[in-house]
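Reader: I am new to reading protein models. Could you pick one residue, look at it closely, and then work outward to what surrounds it?

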Amino acid sequence: GLPISTYAKYCYRKLQKVAITGGKKGLRKPTVEEITHARNAIVTPSLFGSSLEEIMLRQQDMYPGNKLPWVQTQLSQQVLALGGEQTEGIFRIPGDIDEVNALKLQVDQWRIPSSLSDPNIPASLLKLWYRELEEPVIPQQFYKECISNYENPDAAVAVVQLLPELNRLVLCYLIHFLQIFAQPSNVGRTKMDVNNLAMVMAPNCLRCQSDDPRVIFENTRKEMSFLRMLIVHLDTSFIKGLV
């Protein structure tokens, strides 16, 4: 019963996102449940691919006291609950794409299945959630400042303080989460030191707008270095009081 223009606008918006993030294809055809869920997303925005503000608005009725996105905290806690901080290659080794897609469907219905056993599944979905945000965790207007201060710890930390409050909290939660994995006792098991963590997570936090391969290559190094600065130097101790 919706106007065709509603579908057209939705499809165009999705196409623009796919052009940036790439398509996500599993090894099997979508289930009827997945197709129904995708169709419902036209009138009920998904927790994936939306803006942080839209996500917080959606969860207001269910989790009015939460200062952070439910999807962010739940997936992060699942990674830890399944022993992700002791799993070799965590965040680098992708989870099975069909299992990730199945979990995505569950999470979009505010459910976390109790049958999860592989920490790579929630870890992959968590990366996907960050990557698919309508606007990156670090908004585009701060991008140049980030890559200009990729070697300056104080300046890098100062950029975080300039972010809108919701973005600042979401980013600080992510950095606090990554700092757990950066602890030497965990690095020994995961083989994912601070450099590796920054390498796999930076593309999910910062988006280079240039089409020039040379600029993209050079900025990729700076993005990684900037995130590394935050993992090493950002004080995120206050996050414990938010969750």
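Author: Start with Glu-223, which is found in helix H12. The model is a predicted one. Is Glu-223 buried or exposed? Glu-223 is buried, yet has no salt bridge. The nearest side chain of opposite charge is that of Arg-207, and Arg-207 is 9.6 Å away. A salt bridge needs the nitrogen and the oxygen within 4 Å.

Which residues does Glu-223 touch, then? Leave aside residues up to four places away in sequence: Glu-223 touches Tyr-143, Ile-147, Ala-202, Leu-206 and Cys-208.

Now step back to the helix. H12 covers residues 213-233, which makes 21 residues. At 1.5 Å a residue, H12 should span 30 Å. The C-alpha atoms at its ends are 30 Å apart, so the expected span and the model agree.

Look at the start of H12 next. There, Asp-212 has a side-chain oxygen within 2.9 Å of the backbone nitrogen of Arg-214.

Glu-223 has company among the buried residues of H12. These include Asn-219, Lys-222, Ser-225 and Phe-226. Leu-227, Met-229, Leu-230 and Ile-231 are also among them. What do the buried residues of H12 pack against? Their partners are four helices: H7 (143-148), H8 (153-162), H9 (165-181) and H11 (194-201).

Glu-223 lacks a salt bridge, but H12 does hold one. Glu-218 pairs with Arg-221, and their closest N and O atoms are 2.4 Å apart. Both residues sit in H12, three residues apart, so about one helical turn separates them. Glu-218 is partly exposed, with a relative accessible area of 28%. Arg-221 is partly exposed too, at 41%.

How many salt bridges does the structure hold? There are five. One of them joins Arg-168 and Glu-165, with the closest N and O atoms 3.1 Å apart. These two residues are three apart in helix H9, so they too are separated by about one helical turn. Recall that H9 is one of the helices that the buried residues of H12 pack against. Arg-168 counts as buried, at 16% relative accessibility. Glu-165 counts as partly exposed, at 46%.

Another salt bridge joins Lys-104 and Glu-132, at 3.4 Å from N to O. This pair links distant parts of the chain: Lys-104 is in helix H5, Glu-132 is in helix H6, and they are 28 residues apart. Lys-104 is partly exposed, at 23% relative accessible area. Glu-132 has 14% relative accessibility, so Glu-132 counts as buried; the cut-off for buried is under 20%.

Charges are one kind of pairing. Rings are another. A search of the whole structure finds seven aromatic pairs. One of them is Tyr-63 with Trp-70, a stacked pair with 6.0 Å from centre to centre and 15° between the planes. Tyr-63 is partly exposed, with a relative accessible area of 25%. Trp-70 is buried, at 5%. Trp-70 also pairs with Trp-110: the ring centres are 5.2 Å apart and the planes are at 50°, so this pair is tilted. Trp-70 lies in helix H4, whereas Trp-110 lies in the loop between H5 and H6, so the pair ties together parts that are 40 residues apart in sequence. Trp-110 is buried, as is Trp-70. Ring pairs thus link Tyr-63, Trp-70 and Trp-110 into a cluster.

Terms used: Residues numbered from 1 in each chain as written. Predicted model: local features only at pLDDT ≥ 70, side-chain atom pairs only at ≥ 80, totals over all residues. Heavy atoms only, no water. Expected span 1.5 Å × (residues − 1). Buried < 20%, exposed > 50% of the residue type's maximum accessible area, 1.4 Å probe, protein only. Contact = heavy atoms within 4.5 Å. Polar contact = N/O pair within 3.5 Å; in protein donor to acceptor, adjacent residues only side chain to side chain. Phe/Tyr/Trp six-rings, centres within 6.5 Å; stacked < 30°, edge-to-face > 60°. Lys, Arg positive; Asp, Glu negative; His and termini not counted.
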